Each structure stands twice: as C-alpha cells, then as structure tokens.
Amino acid sequence: MKNPLDMLIGSHGRPGFRDFVGRLLDGGRRFLLRNDLILLYEEFQGGVGVPGANGAPSVAAFLSKVQEVVVRESSVVAVHRHAIARYRFYIIHRDCTAADEITVGEYLDIKDAFVLGRDAAPGGLRIDFMPFYDYSPIIKDTRTIGNGIRFLSRYLSSNIFQNPSDWNDKLFRFIKLHSYGGQQLLVNGNVITDFQSFYMGLQTMLERMSSLAPETPAADMAREMGIEGFEPGWGNTAGGIAESMQILFDLLNEPDDTLLESFIRRVPMPLISRVAIISPHGWFAQDNVLGRPDTGGQVIYILDQVRALERHLTEAIRMTGIEVRPHIVVITRLIPEAGDTTCDVRREKIYNTENAWILRVPFRERDLSVTPCWISRFHIWPYLERFADDAITEMTGEFEGRPDLIIGNYSDGNLVATMMSDRLGVIQCNIAHALEKTKYLFSDLYWRDMEQDYNFSLQFTADMIAMNKCDFIISSTRQEITGTEHTMGQYESYQFFSLPGLYQAAGGINLFTPKFNVIPPGVDEEVYFPYYEARVGISGDRDVWGRRIFSDEAYNIHGTLVNPAKPPIFTMARLDRIKNITGLIEAFGLSTMLQERCNLIIAAGSPNTEDSKDAEERAQIGIAHSLIAKYNLHGRIRWLPGVDKAHTGVVYRIMAELRGVFVQPAHFEAFGLTILEAMLSGLPTFATRFGGPIEIIEDGNSGFLINTSRSELIAKALEEFFDATVRDEELWGKISRGGVERVRKNFNWKLYSERLVDLAKLYGFWRYSITDKGKVRMNLYSDSIFHFLFRQRAADIK
C-alpha cells in the first residue's frame, strides 16, 4: 500500500512540512496529542492548510489523522490513523528525506524509552491477543463494526449454504440439546435420532399444523407432537408452531441470515429465563443512593434494563408455549455500614417487577471477615475473586441452578462475570458503560503516577481479559467502539498501549471480530415524559419538589435563590472531576449575563465535605465552594444532593416549566442517560461533544453539543442560546419538542430488550458451533494473564 507520506517527504516533498518537523524538533515538547499538533500547525501556518493540487495530501490533511507524536532528538515518531481502527507508525527524520514505517512493537518500545529513559529495558512482557482469534471470522468493512449480530448471522447462514451436511447436522444437534427444569424442549433425541428423520418429521408436522385452525392451543397438539418426537417450544398455537417450523424449513433449504435470526428469535434455544446482572461497585439500591460516589447512571441503566427485560422475556416465553416465569437477579455488593440506604439488605425486590431482585454479597478480607464500609471502584480489585466465588454460591441458590445469561457491567462487573461464566459455562455479555482509559489523560503512559489513587494497571488488565473472553459486547454508541473519523474510540484505545515498566499490549483487543453490538438504552416513560403532558397522581410530588428545589432549608442543601422564577440552568451528576460540575459553576461565575437572567441549580453529591468518604469528591466539594465564593454567586445558585430516580422526572419537568435548560458539562461522557431523561422531559439540553452525546443530540435541532474543555466555552454556548431566545421566541419550544421527538423515535427499552435476547441466543449458537481450538487457546492465554499478572498485583494492594 502506498505510503501517504510520499508526497510530503523526499525529493518531491514539501518545504512547509520539513519546516514544521523542524519546529517540532526544536520546540521543546516531547509528546503531543492530535489537538496539540493541529493547534501548533495552525500557529505555524496561520490557519489549517487545504488539500494540495493533483490529489496530493496536504500537511494539514495528514496531521489531522495523526493521533500522537513522540519527538526525539533528531526524528519525530507519528501514529497515523489512516482509517478507523487502522494505524501505521512512522519515524520521520529532520531532513524529511524518508519516513520509515515501523511495527507497533517498535513504537511501544519508543514510548517506553520516552517515559523510562535509560531504565527502559527491551524484552519485557508483551501481551497480544490477536493470534488467538483464528477461530473467528474477521470483519473487513469498518462500517460493520458494532453490528456483530448481522455479520455473524450472515457468516453462519453462508456456512449452512456452503456446507449443508455439516451445518445442518450441527444445527439439528443444537436444537435437540435444550431442556428446562427436566422438560425436553423442541426435539426428543430418543425419537428423532438424526437430521434426515428430523427433516422428514418437520415436513409432516408442517402439513399437520396447516390443517388446524391457527388459534388452536399448543396443548391440544402436545401428545400428537410428542409421539412424533417434537416437544414444547415451537409456539403457543398451531399458527405459531407452523410459522416457526416454516422458517426453519426455509432456512434449511435456502439459508439466509434473516431467516436464521428469525428462527433463533422465536424458539427457546436456549430458553433465556434466568438472567444474572453483575454490578459490584458503588451503592446499588433503589432509594437514597444517586449522587453518592461511584453511583449514578449505571444504577438507573440496570434498573430500567431489568424492568424492560422482564416484560420482554415474559411475552417471548409465553409465545413459545412454555410456562416459565422469568427470574432476574442483580448481584452487587452488600455494605454493612449502609447509612440511610438498603445496601445492607441481602435480598431486595426491584420495584415494578414480578420476579426481579437485588442480591447483595459482601466483600471479605483475607481473614474472611466482612468488609464493613464502602470502597471506591478504583480500589476493589483485591476483593473480586472471592466475591465471584461467593456470588456463584448465592446466585445458584437463588435460581436453583445456573443462569441462562450473565451480563457484566463496568470493568469490575465484567471481570466478575468472566469468572462466573468460566465456572458455569454460561453465555456472557459485557457492558462497559465507561472505559476509564480514555477518560483520564495519559492514564496508561504515566500509570505509575496515578496507581496509588486509581490502580489503572489492574483495571486495564481486567478490561482486556473480560473483553477477549466474553461472548459479546454491548455498547450504547458506535463511537464508544471505534470513535469518529478523527478521534479514537474507547475500545479502540485498547488495540495497542503500554504501561511502561509493566507490560506492552501490542494487540489488546480485536475490533474486527463480530462480538461488538451497538444497542442504545432507553428511558422509562412512566417516570420521564414532557412537562406539558398531564399524568394522574403527580401533582403532590410537583408541590413537594417545587418547595425542595427553591425554598426548603436542610443541612444538605446549600444556597438560596433571590429570584426563583428566573430560568434555571440545571445539572445533575456525581461530583467527580470528569463530570465537571465545577466547570459549570465557573462558567456561570464568568458570565454576568447568565447571572442576571438565570439561576444555577445543581443536584450533585452533598455540599458538605464531611458527608463524603471519597477523596476526589471531597476535593470537588472544596473547589465548588471556593468558586461560589470567588464569583459571589450567593442568591443565584442552589446546590441540592442527588435526587432519587423516582423523582428525577418531576425535577426535570419543573425546570422545563420555567423555560430552563439542562447542561451535562462532563469532560467526557460515554453515553449519558441524564441527557435522554432531560430531553424527553422537554428540557433543552446542552451536552459535551466529547463522547456518546454526539450520537444522541442532533446539534441545533434536538439540543446542543458543546466544547466542555474550558468553562468560558460552556458560558459562551449558554449565552448564545439565551440571547437567541430573546430574538426568536419560538426557539426554546422548537429545541424542547425536537428533544422529545428524538428520544421517542430512537431510544426505547423495548427494542433494547428484544435485541439483547436475540444476541444471547445467536451468540449461544455461535459458542456451540465453534469447533476450532482457538477459543480454548484464547481462554488459556487470558487465564495466564489473570493468574500471573492480575492476581499477584491485586494481592499486593490489599
């Protein structure tokens, strides 16, 4: 493949490029990221260049795809992202006569030398999962990444078409494999012993079902079907049974990915009725926890997910003709010193469900005593292996057997789910929610400096183990996986990186395997709905929360509002550095116009330092108070503690009634459930342009995407909006309606649940059909990293 630098170097090179390389070498900075590089080039050039004549790439076009640069004594080492998730590495010399392409391993050696200097030792530990993906088909078109189920179903149906005898027999064996509670499902292998007799029996049953009234109950045909070797699970009526069998018959004769997905969706192979959802860290409960350290959107996500999943499973199982009640268990940590929460209660029913529970399992010390207090998510790694063992015992007792699906959440939950899946042989799904590696700048390169506070060496290692061992991964947005045209995705950042002095990851994850699937979450429309839609039974809550927001006095509420009727600028999040609540306070303080026209209302943690046990939160509380004093915001700011999920909808609607706005000022946000909630409530929403919100908000139509890197940029965006509402009285309503329409059309839990169960079934078939030893080798390799690297480091910090 042609080197993209050919037109910028050598005898045909551009003096401007050579001069810029010289500027880098003489500039004193030794490591630059993409934005640094572009700003320097704009300063050097007086503006970003345009593509050169005759199709030759301009310097600016090349630099726009350079993710990072290491500046050495006489050369520049550049990481060139020439396409999404695809990289080349170059050494560019001062005279620009040539560019030497190097390997990823050579580049990681250069980064190590940059950090460690003379202490950098060649031949250290290098982790590479890539050779162990020889069992998996590989995606070639990056546009397909994030739609793994479609790619995999096409791959499987193509194999059925190309090798019908082998794959038909494999599919038949998989169909007859399933049972539930001692009841054989779909096919009785003692009666139907081979594919040929199954195929003939299928034809016979299709003819028989076609002769019956479609609404005939399945129970009326159960004995006759049993004699022929067909067991429950095909449908709950003659019409449903005939449709399932016809889809399978068509699939066997003319394999097609749509038919394969349709068949697997309809029948219980496997029957997904018992689901374990793993979320160890934080304060997982239904009341009095939101806004506490490590406790926010993930809790809301899981509780909403559980309710929607139970509804879907109930209906899906009913349609198969099997009488089974779904059972969902969220496994989290039991915290004896629980304060005013229920985190010390072992088993708790989830509101508005029939059979879904929170099951809490304690952390244990080395002497097996129960750990009494909350522990930051960054420090829980030594507890997780024992927690996984205890969780298996508690969970299998709850289910009276093993689950049908295990879903991990965040780095800790995904690692625990991996350990549990290994032990039980159960399909495993990972949901990252947020990968810290891209949130904390240079957290890999300077990991030693952050290790005492964050233990990133353990977290990044756990991430790699869980990513590579799981059956499939759900992300809320595509950019979470592969980023954008110019920026690296969260998962993409694990392709190659180094923790200098510990190990290099030359192939940390393979983005081109079909395990990644984008399924955005939804919003609970019983809680969140537009402020102008009347609902029965909420007027009392409206009055209570109106007083609490604007006038009540309490030890955990800070500030009074001189004029409560002014439009509120509202935000709600955990109080940590990444969420950047203090950045919004400073933005408000910098703007006289905003202070004159609006109030700032924040719901975040507690305004009292003594209420927090988290060092980062305490620091943010102190910064917030100093900013309030610095800009003399008294009378214009109101600081509330976190709001329980059951009441957040009311709060959003109150803000909308006053024609306020919601601001999500995070430096980075993986997705942003609060964004969906505010938009659906009719509250015009401003959200960071860094991360998942770019796939939620259509900028200027359903909300606004803003640069949150500096407080003055946040202030400017808000000023422009409020100025525009004076000139255009319809603008606020236009954005409000646009947000409601956007969420209702694109983000709902019903579609999410359907897709999740489809994934579990298809990846279950894929898991069964893999005969290559590559998956076994992958697991052994991952286990070696866990035992000889992760476990030892975790033991050292406890």
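In this predicted model, strands β6 and β17 (residues 503-507) run parallel and are joined by three bridges. One of the residue pairings can be followed by eye: R126 has Q504 of β17 as its bridge partner. Helix α4 (residues 104-116) packs on the sheet that holds these strands, touching β6, β16 and β17, and its direction makes about 150° with that of β17. Helix α16 also packs on the sheet and touches β6, β16 and β17, but its direction makes about 30° with that of β17.

The sheet itself is open and consists of three strands in the order β6-β17-β16, with mixed pairing. The edges are formed by β6 (126-128) and β16 (497-499); each has a single partner strand, so one side of each is left without a neighbour in the sheet. From one strand to the next, the twist averages 20°.

Aromatic residues come next. The model contains 55 aromatic pairs. Among them is the pair of Y494 and F497, which is edge-to-face, with 5.7 Å from centre to centre and 80° between the planes. Both Y494 and F497 are buried. The ring of Y494 has a further partner to look at, as the charged end of K437 sits over this ring, 5.5 Å from its centre. A similar arrangement involves K349, whose charged end sits over the ring of W357 at 5.6 Å from the ring centre. Elsewhere, ring pairs link F172, F195, F198, Y199, F230, W234, F249 and F263 into a cluster.

Two members of that cluster, F198 and W234, reappear in the description of the nonpolar interior. The largest nonpolar core has 225 residues, and F198, W234 and I569 are those with the most contacts inside it. A second core, separate from this one, has 24 residues and includes L8, L32, L63 and V66. In soluble globular proteins, nonpolar side chains tend to be buried together. For a closer view of one residue of the largest core, I569 is a handy place to start. Leaving aside neighbours within four places in sequence, I569 is in contact with L584, F588, L594, C598, N599, L600, I601, V661, V663, L718 and F722.

A few backbone details also deserve a look. The peptide bond from M269 to P270 is cis, with omega near -5°. P270 is located in the loop between α10 (257-266) and β9 (274-278). The loop that follows β9 and leads to α11 (297-320) holds D294, a residue with a positive phi of about 65° although it is not a glycine. Is D294 buried or exposed? With a relative accessibility of 9%, D294 counts as buried, because the cut-off for that class is under 20%.

N455 is another residue other than glycine with a positive phi, here near 50°. This residue lies in the loop between α15 (447-454) and α16 (456-469). The relative accessibility of N455 is 4%, so N455 counts as buried too. The location of N455 leads back to the sheet described at the start, since α16, the helix on one side of this loop, packs on that sheet and touches β6, β16 and β17.

Key. Residues numbered from 1 in each chain as written. Predicted model: local features only at pLDDT ≥ 70, side-chain atom pairs only at ≥ 80, totals over all residues. Heavy atoms only, no water. Helix = DSSP H or I, 4+ residues; strand = E, 2+ residues; numbered from the N terminus. Buried < 20%, exposed > 50% of the residue type's maximum accessible area, 1.4 Å probe, protein only. Phe/Tyr/Trp six-rings, centres within 6.5 Å; stacked < 30°, edge-to-face > 60°. Lys NZ or Arg CZ within 6 Å of the ring centre and 35° of its normal. Core = buried A, V, L, I, M, F, W, Y, C linked by side-chain atoms within 4.5 Å. Contact = heavy atoms within 4.5 Å. Pairing = 2+ DSSP bridges. Axes fitted to C-alpha atoms, helices over the stretch in contact; angles between N-to-C directions.
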